[in-house]
Each structure stands twice: as C-alpha cells, then as structure tokens.
Amino acid sequence: MGMDPYIFLLILTFLLKPGNASIHVYNQESFNEVGNSYLLSGGSEGISSSSHSRSFVRFDNITFRRPKSAAKSRGLIQVVLFEAADRNNIGGSAYGGQRSICCTSDLSKLQGCKQGEVIRIPSANDLNWPIILKLHFSRNSLSTSMKNHEEIGISKTGMYNLFFIACDPKLKGVVMSGKTVWKNSDGYLPGRMAPLMRFYVFMSLVYLLLAVIWFTQYIRFRKDILQLQHCISAVVGLGLFQMILWYFEYANFNSTGMRPVVLTTWVVTVGAVRKTIARLLVLCVSMGYGVVRPTLGGLTSKVLLLGITYFLASELLDITEYVGTINDLSGRARLFLVLPDALLDAFLILWIFTALSKTLEQLQVKRSAVKLDIYRKFSNALAAVVFASVAWIAYELYFKATDPFSERWQSAWIITAFWDILAFALLCVICYLWAPSQSSQRYAYSEELGEEFDEEEAQSLTREKPDGDISLVEKKEKSVGGTRVLDEDGEAEEDKRE
C-alpha cells in the first residue's frame with residue numbers, strides 16, 4: 001500500500017502531538033498505521049544552528065513495548081530525523097505509482113533498499129541526512145530501549161521532523177514512553193517562537209511608554225475624568241501586564257525547556273480578558289456611551305452577554321493554541337475553535353459600525369461639531385483597522401496555504417505579532433482622541449441639556465431658558481413706532497413698518 005508524498009506528510013502533520021515543553025514527553029504513545037508502516041510523531045520544530053552554541057535533539061529514557069503476539073520475532077524500530085526540505089528523501093515508489101514509506105519486494109529490486117526497512121535517499125546537501133537510527137527487539141522480549149542521552153547534532157538551520165517507524169506488521173500495537181530534548185543555539189524555544197521573546201520586550205516598552213503618558217494625564221486631570229477614560233485606563237494597564245507576562249513565559253520556556261500549564265494558562269487568561277474589554281470598549285465608544293447617552297440602557301445585558309461569550313471563545317482558543325504546545329505546527333483542535341471566535345468578531349464588527357453610524361447621525365442632527373469631528377476620526381481609524389485585518393487574514397491564509405510544511409518558519413512569528421501591533425495602534429488612536437484634559441467634560445453627556453454642546457454651538461441662535469428649554473427668545477413690545485424684538489443678548493432691535 002502506498003500514498004502520495006504530500007498527502008502522506010500532511011497526515012503526519014495532523015498526527016503531531018503537542019507536548020508540555022520543548023522537552024517532548026511521550027507516555028505510552030501508540031503508533032498509527034500510515035500506508036505500509038506504523039509510525040509515531042516525535043515532534044516538529046524549527047532549529048537554528050550557530051558556531052557559538054550547539055543545537056541538538058537528545059533521546060532520554062526512550063522505551064518501546066510490543067504486544068505478546070510479536071514476542072517471538074526480532075522486530076525493528078527505526079528513528080527517523082529529517083529536514084522538511086528533504087521530505088521526499090523518505091519513501092519511494094515502484095513504476096511511478098504511489099509512494100511507500102517502507103521498502104517492498106518490488107522497491108528492493110528497483111532502488112536497492114532493504115525490504116522491511118524505511119526507504120532512505122541521501123540528501124543532496126549532506127549524504128548523512130536524513131538520519132535513521134535502528135533499534136531491535138530481542139527474541140522473547142516485550143520491550144527495548146534506546147541508548148540513554150543519545151544525541152543527534154544539528155549543524156544546519158531548518159525545520160526538523162522526528163518520527164518513530166515500524167515496518168513489521170507484527171509490531172502493530174507497539175507503544176513508546178520517554179522524552180526527547182530539542183535545543184536551539186539560543187535556548188529551548190522552538191525556532192518559530194524564539195523571535196517572539198524579543199518582540200514582547202519591544203511591546204512591553206511601547207506599552208510602558210503609552211501607560212506613562214496616559215496615566216500622567218489621568219492623574220493630572222483626575223477631577224475631570226470621564227467614565228469612558230476609566231475603561232481606557234483598564235485596557236492600557238491590562239495590555240502592559242499581558243506583554244510583560246508573555247515575555248516572562250517565553251523566557252522561562254527558553255531557559256528551562258518546560259512550559260508550565262499554570263503559568264501559560266494565567267497569561268492567556270489575562271490576554272482573553274484584555275481582548276474582551278478592548279472590544280467592548282470599542283463597541284461602547286461606537287454606541288456613544290458617555291457622550292450622547294449616559295448609559296447603555298436596555299443594551300447593557302446584551303453587551304455583557306456578548307462579552308462573556310467572546311471571553312469564553314477566546315480563552316478556549318488561546319488555551320488550545322498555547323497551553324502545553326511546543327511544536328511549530330498547529331493542531332486540529334485549533335481549526336474548530338477558530339470558527340466561533342471569528343464569527344463573534346464578525347458580529348462585533350457589524351454591531352460596532354451599525355452603532356457608529358447611528359451615533360454620527362445623532363451628532364450631525366445636534367450639530368455637535370467637536371464631538372462629530374472626534375467620531376469621524378475614530379470611524380476612519382476603525383475602518384482602516386478592519387481593512388488591515390481583512391488584508392492580513394488573506395495574507396495569513398496565503399502564507400499557510402503556500403507553506404504546508406512550515407519551511408518559512410523563521411518569518412512565521414510576524415503572523416502572531418501583527419495582531420498585537422494592530423491592537424496597540426487602535427488603542428493609541430483611542431487614547432489620543434479621548435485623552436484626559438481640563439476640557440474632558442465638554443465631550444460628556446449632560447443630564448441637564450440631554451446633550452452637551454461645545455463652544456461653536458454656544459454661538460448659535462439657541463440658549464438655555466431658566467426652565468431648561470432651548471428656544472429662540474423673542475419678545476415683542478408694541479410701540480407707536482413699530483415692533484421691538486429682543487435678540488439673544490436682550491438687546492432691542494427695531495423692526496420698522498413698511
């Protein structure tokens with residue numbers, strides 16, 4: 001039985017098991033039947049090499065156990081490590097048919113491989129690669145182990161894949177325990193994740209700068225702070241806290257090789273809270289909260305329900321993607337959890353722009369020039385963010401579709417980093433438009449007027465009567481010479497008779 005090499009390797013991609021560190025741990029893991037072989041994925045990581053530090057994959061306490069029915073034979077387990085660029089160097093095909101992982105009688109005649117073993121074609125760049133280690137079971141023995149702390153040195157930067165393969169049909173049901181240690185030249189972080197540690201240092205600094213500027217103004221004008229500005233402060237603080245946590249999480253991972261579930265869960269929970277509050281903040285701003293309406297009224301429960309739902313969807317997605325995950329390839333579970341998160345984002349965008357359109361209409365009717373200018377700028381910024389998001393999603397789909405084997409892993413970190421940069425850019429716009437100042441209350445909703453008017457509106461033909469109504473003040477006085485009309489300032493003008 002054989003199969004196309006690309007389909008074969010895509011199947012292997014989905015079989016990858018996420019571990020709990022860059023130290024991949026296997027606990028009684030079963031082999032899966034793929035083509036004419038049984039195999040188990042040991043991991044897939046981008047590994048960088050350099051002259052100043054050694055990169056390697058080390059095998060610790062690797063033990064295989066087979067069923068009793070196979071105890072009388074000398075079964076063979078092969079450990080295969082290859083670079084993604086050499087994926088076609090594993091397996092072969094007879095007479096142009098589908099490829100097989102293990103050598104068959106026909107392939108042994110055509111290619112000179114040894115029947116019952118993995119087909120290996122030397123790499124054009126290095127004849128020693130792909131690496132294949134062989135391990136035999138002793139007769140009447142149910143288990144066998146690799147030499148402890150055996151290492152394979154990595155001298156070339158690339159995306160490496162590790163598989164444990166059995167070609168003997170009698171080894172169906174074999175299981176494996178132990179661990180493998182993958183180390184880059186700079187630490188234990190997988191190659192795709194390593195640049196993110198430096199990125200989160202940068203993001204922590206820019207968030208710190210924004211926090212210093214914002215909270216300086218916040219404290220300076222604390223007597224004039226709007227409710228909306230309290231929400232912005234929370235988002236700024238959570239953003240800074242999240243970036244710092246991400247850095248320490250990656251730094252710990254890089255130095256120890258372990259990714260503690262509790263620490264990573266805490267980090268993604270803070271991130272989910274920050275993303276939820278940020279989205280609700282944009283929604284509330286678009287609805288004119290604190291500007292054209294004092295409260296959300298009957299919409300409060302709906303906004304809270306949407307916020308809770310989004311938090312749960314985002315939390316589940318991030319836990320699946322980050323907690324315990326070390327491979328440089330995404331698992332299948334993420335594909336199912338991305339959909340509800342994306343649908344909620346689409347619904348939020350629709351609601352935000354619908355609410356923003358109504359708020360702009362109200363401000364136009366009220367002729368609130370200053371507020372209208374702020375909301376138009378906010379609307380333009382929001383439209384630019386949505387356009388950038390859609391364009392980036394299209395690019396991300398193209399990136400992943402054209403790189404199914406993660407050969408461009410060294411630039412893959414940009415996919416993740418872009419969303420943090422975009423969120424920060426929108427937050428900066430909001431902070432700029434609603435920055436605390438001595439005139440902050442000019443933008444607030446007024447209970448007395450139903451709407452606070454700015455200085456330009458104060459110069460219009462409206463004024464406030466003692467009873468709270470706004471209308472033209474007109475007073476006619478009869479006189480012999482004609483009718484006198486009082487203008488807004490109480491000054492008399494004469495309307496001469498014709």
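Colleague: Which residues are linked in a network of salt bridges?

Modeller: The network links Arg-54, Arg-58, Asp-60 and Glu-151. Before we go further, please keep in mind that this is a predicted model, in which local features need pLDDT of at least 70 and side-chain atom pairs count only at pLDDT 80 or more, while totals for chains, interfaces and linings use all residues. Residues are numbered from 1 along each chain as its sequence is written, and side-chain values use heavy atoms, with hydrogens and water left out.

Colleague: What makes the contact of Glu-151 with Arg-54 a salt bridge?

Modeller: The term asks for a side-chain nitrogen of Lys or Arg within 4 Å of a carboxyl oxygen of Asp or Glu. In this pair the closest N and O atoms are 2.5 Å apart, so the pair meets that limit. The two residues come from distant parts of the chain, 97 residues apart, since Glu-151 sits in strand S10 (residues 150-154) and Arg-54 in the loop between strand S3 (37-47) and strand S4 (55-65). By the salt-bridge rule, the count comes to 12.

Colleague: How do you know what counts as a helix or a strand, and how many of each are there in the protein chain?

Modeller: They are DSSP runs, numbered from the N terminus, with helices (H or I) of at least four residues and strands (E) of at least two. The protein chain has 10 helices and 15 strands.

Colleague: Why does Glu-151 count as partly exposed?

Modeller: Buried means under 20% relative accessible area and exposed means over 50%, with partly exposed in between, using a 1.4 Å probe and protein chains only. Glu-151 has 33% relative accessibility, so the middle word applies to Glu-151. Arg-54, at 46%, is partly exposed as well.

Colleague: What makes the pair of Asp-420 and Arg-274 a salt bridge?

Modeller: Their closest N and O atoms are 3.9 Å apart, so the pair falls within the limit. Asp-420 lies in helix H9 (residues 413-433) and Arg-274 in helix H5 (residues 261-286), so this bridge ties together parts that are 146 residues apart in sequence. Both Asp-420 and Arg-274 are buried.

Colleague: Why are Glu-396 and Lys-400 separated by about one helical turn?

Modeller: The reason is that they stand four residues apart in helix H8 (residues 369-401). Their side chains meet in a salt bridge, with 3.2 Å from N to O. Glu-396 has 14% relative accessibility and therefore counts as buried, whereas Lys-400, at 42%, counts as partly exposed.

Colleague: Why does Leu-205 count as exposed?

Modeller: Leu-205 has 54% relative accessibility, and that is why the word exposed applies. The place of Leu-205 is in helix H3 (residues 194-220).

Colleague: Which residues make the nonpolar surface patch of about 340 Å²?

Modeller: Val-201, Leu-205, Leu-208 and Val-212 make that patch. Patches are made of residues with over 30% relative accessible area and no salt bridge, where like charges are joined within 9 Å and nonpolar side chains (Val, Leu, Ile, Met, Phe, Trp, Tyr) within 5 Å. The areas come from the Shrake-Rupley method with a 1.4 Å probe, and for residues only the protein chains shown count as cover.

Colleague: Is Ser-41 buried or exposed?

Modeller: Ser-41 has 4% relative accessibility and so counts as buried. Ser-41 is found in strand S3, and the C-alpha atoms of Ser-41 and Leu-162, which are 121 residues apart along the chain, are separated by 6.2 Å. Over the whole protein chain of 498 residues, buried residues make up 47%.

Colleague: Where does UniProt place the feature "transmembrane region"?

Modeller: The unreviewed UniProt entry places it at several spans, including residues 199-219 and 411-435; UniProt positions are given in the numbering used here, feature names are shortened, and annotations may be inferred rather than shown by experiment. In the model, residues 199-219 are 100% helix and 0% strand, with end C-alpha atoms 30 Å apart, while residues 411-435 are 84% helix and 0% strand, with end C-alpha atoms 36 Å apart.

Colleague: Which element has the lowest mean pLDDT, and which the highest?

Modeller: The term pLDDT is the predictor's confidence in each residue, from 0 to 100. Helix H1 (residues 5-15) has the lowest mean, 37, and H3 the highest, 95. The protein chain averages 79, and 80% of the residues score at least 70.
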